[in-house]
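Dear colleague,

I am passing on the structure below, and I would be grateful if you could look through it alongside the notes that follow.

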Amino acid sequence: MNEHIRIGTAELIGQRLADFTETLDGAAIPAAVRARARHLILDAVGIALASTQYDFSHRTLAALREFGAGDGDVIGYPAARLPLRDAVMMNGFLVHGLDYDDTHTAGVIHATASCFPTALGMAAEVGASGTDLLTAYVAGMEVATRLGAVAKGGFHQVGFHPTGLVGAFGCTLVAGKLRGMTAKQLAHAQGIVLSMASGSLEFLQDGAWTKRMHPGWAGVAGITAAALARNGFLGPKAVYEGRFGLFPSHLGTYFDPANLALATEGLEEVWEVEKVAVKPLPACHFTHACADAAMALRAAHAIRPEQIAHVRALVPAEVVKTVCEPVHHKKKPQNSYDAQFSIPFAVASGLVHGRFGLAELEQDALNDATTLAVAHKVDYEPDPNSAFPKYYSGEVIVTLADGREVRHREHMNRGASDRPLTSADIIAKFEENASMALASAHVERIKQAVLGLDEGISARELSRLLAGRA
């Protein structure tokens with residue numbers, strides 16, 4: 001074995017992650033971690049239910065129905081029963097559809113959007129308990145977030161979306177855990193999914209819908225890889241650190257072997273689930289600090305749109321490709337997805353409306369002449385004081401028509417581990433989102449079931465409830 005594929009010991013990363021997954025016992029997960037995991041799942045369910053009210057979800061479901069019916073439940077669609085992998089694909093799409101789902105800041109990954117649908121679908125398939133579902137979800141989250149952290153934001157620089165690319169490895173271990181696979185089988189499964197993991201950032205050029213499918217596709221790939229390994233299919237061993245492993249092949253010049261230790265650092269001692277940030281705004285997390293800064297300026301100085309001469313937004317250099325370019329699309333978004341990845345539009349919405357929520361992403365809002373006029377006045381600069389990826393900072397500097405300059409800086413985004421949303425905040429967000437699709441009594445039943453995952457509910461019961469069949 002070459003020295004460059006060692007991480008302090010001779011054990012390969014994939015084998016260490018396989019050992020961790022096989023032996024993880026739900027009872028060994030601290031109570032605070034389990035509680036946080038339940039709230040992250042609740043957040044995901046609320047977003048999925050809200051997504052059912054949008055055209056993109058209906059079109060996706062229509063496409064997946066072409067492959068036939070099955071036993072898998074689709075969140076918020078009581079009449080839709082799909083084969084397991086298609087149900088996981090659809091549920092991942094729903095959780096990620098509004099770009100309102102959680103983010104692990106260091107990993108720059110929306111891990112719940114893939115790990116939860118995979119755990120839900122597979123746990124229901126095998127007749128597992130709610131506790132088993134939660135344990136597998138935590139295992140996948142701990143793996144996917146750490147793998148994302150190895151890249152230090154580098155995947156975005158070369159055009160890969162870690163939610164899909166890295167998420168596939170977490171989903172593989174989720175599926176394998178629920179299938180009762182051995183560590184040897186789990187190691188092979190990770191090698192197999194290396195040839196399936198994907199996720200392109202090309203959607204950033206024109207607001208295409210493809211990003212929405214990445215978490216669900218990660219689940220499909222993970223379930224497939226686990227099944228192959230379970231039946232004796234062999235996968236490569238140096239999954240992550242080998243000559244053509246995940247990080248050398250996908251990061252290129254951004255690959256730093258010294259960061260490989262982050263893939264396994266603190267397993268079973270430090271719980272990354274507790275570091276996952278829940279979004280207060282339905283947009284790319286890279287936009288949040290500047291959006292909040294713009295809202296703060298409007299509130300503090302009673303700024304009116306006609307007073308604004310020019311705006312500068314300071315953002316981490318590493319996020320420029322994602323939320324600042326191409327400039328013409330960012331200043332005039334073609335659709336809601338363009339707007340959710342636009343610093344100019346997020347800042348303009350904050351300055352004009354004092355909000356940046358789902359209502360500000362409707363077509364009438366996207367066409368609002370006043371908002372677009374302010375967006376055209378917003379330019380960006382790399383933030384010299386950025387601590388990315390530890391913090392997603394942002395600063396907005398507004399030059400007014402009378403020559404005055406006002407500024408506000410957000411050192412980290414709301415929801416980050418050092419500035420978390422509380423459990424009460426997450427519940428309120430869930431209730432608001434879920435109420436877009438369901439009556440209050442059903443919303444309450446789902447809330448109690450998800451927050452009581454450790455209290456005897458089966459995965460099948462939960463799956464039926466989320467679909468609206470119970």
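Two strands are taken to pair if DSSP finds at least two bridges between them, and with that cut-off in hand the pairing of β5 with β7 can be stated: these two strands are antiparallel and share six bridges. Please keep in mind throughout that this is a predicted model.

The sheet

The strands β5 and β7 belong to an open sheet of four strands, ordered β6-β5-β7-β8, in which the pairing is mixed. The edges are formed by β6 (378-382) and β8 (405-410), each of which pairs on one side only, and the twist from one strand to the next averages 20°. In general, the strands of a sheet pair through backbone hydrogen bonds, in either a parallel or an antiparallel manner.

Going through the pairs, β5 runs parallel to β6, with five bridges between them, and within that pair Arg 312 stands opposite Asp 379 of β6. Where β5 meets β7, Ala 313 has Val 396 of β7 as its bridge partner. On the way to the other edge, β7 (residues 394-400) is joined to β8 by six bridges, and these two strands run antiparallel; here Val 398 stands opposite Val 406 in β8.

Two helices lie across this sheet. Helix α13 (residues 288-301) lies across β5 (308-315), β7 and β8, and runs at about 135° to β8, whereas helix α17 (residues 343-353) lies across β5, β6 and β7, running at about 125° to β5.

A covered helix

Helix α4 (residues 84-96) consists of 13 residues and spans 18 Å from its first C-alpha to its last, which is close to the 18 Å expected at 1.5 Å a residue. This helix is mostly covered, with 12 of its 13 residues buried; among them are the hydrophobic-looking run's members Val 88, Met 89 and Met 90, but also Asp 86, Asn 91 and His 96.

The largest pocket

For any work on cavities or pockets, the place to begin may be the largest pocket, whose volume is about 480 Å³. Its lining is made up of 18 residues, and those nearest its centre are His 104, Ala 106, Ala 149, Glu 272 and Lys 275. Which helix gives the largest share of that lining? Helix α6 (residues 130-150) does, with three residues.

With best regards

Methods:
Residues numbered from 1 in each chain as written. Predicted model: local features only at pLDDT ≥ 70, side-chain atom pairs only at ≥ 80, totals over all residues. Heavy atoms only, no water. Expected span 1.5 Å × (residues − 1). Buried < 20%, exposed > 50% of the residue type's maximum accessible area, 1.4 Å probe, protein only. Axes fitted to C-alpha atoms, helices over the stretch in contact; angles between N-to-C directions. Contact = heavy atoms within 4.5 Å. 1 Å grid on protein atoms, 1.4 Å probe; cavity = no way out; pocket = protein on both sides within 12 Å on 5 of 7 lines; lining within 4 Å. Points joined across faces, edges and corners; volume = space filled by probe spheres on them.
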